Amino acid sequence: MLGHLLPYADIVFNHRQVSTLLEEVPRLPAGVLTDEFAREVIELGQAVLDGPGLYLWSLGD
């Protein structure tokens, strides 16, 4: 799912995609993501999974 993040485009992940994203983050090799970014993705993703009908949006530059 991280391969779908584009710096200049808006991306929306649904509930199922967020689940996949959260499975990917811990398996990434060291240095692919900063610790701060990984924590943020996990925190926001968990908020999506905990709420009804929520989406995770990534807004491009």
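These questions and answers cover confidence, a pocket and a surface patch in a predicted model. Residues are numbered from 1 along each chain as its sequence is written. Local features need pLDDT of at least 70, side-chain atom pairs count only at pLDDT 80 or more, while totals for chains, interfaces and linings use all residues.

Student: Which element of the protein chain has the highest mean pLDDT?
Tutor: pLDDT is the predictor's confidence in each residue, from 0 to 100. The chain mean is 91, and 100% of residues reach 70 or more. Among the elements, β2 has the lowest mean, 90. The highest, 95, belongs to helix α1 (residues 15-24).

Student: Which element gives the most to the lining of the largest pocket?
Tutor: Elements are DSSP runs: helices (H or I, at least four residues) and strands (E, at least two), numbered from the N terminus. Two or more lining residues come from each of α2 (35-50) and β2 (56-58). With four residues, the top contributor is α2.

Student: How many residues of that lining are nonpolar?
Tutor: The lining has 15 residues, with Leu-5, Phe-37, Val-41, Trp-57 and Ser-58 nearest the pocket centre. Ala, Val, Leu, Ile, Met, Phe, Trp, Tyr, Cys and Pro count as nonpolar, Asp, Glu, Lys and Arg as charged, and the others, Gly among them, as polar. One lining residue is charged, two are polar, and the nonpolar ones number twelve.

Student: Where is Tyr-55 placed?
Tutor: Tyr-55 helps make a nonpolar surface patch with Val-12, Trp-57 and Leu-59. Its place is the loop between α2 and β2.

Technical notes: Heavy atoms only, no water. 1 Å grid on protein atoms, 1.4 Å probe; cavity = no way out; pocket = protein on both sides within 12 Å on 5 of 7 lines; lining within 4 Å. Patch = residues over 30% accessible without salt bridge, like charges linked within 9 Å, V, L, I, M, F, W, Y side chains within 5 Å. Areas by Shrake-Rupley, 256 points an atom, 1.4 Å probe, with all protein chains shown as cover. Salt bridge = Lys/Arg side-chain N within 4 Å of Asp/Glu carboxyl O.
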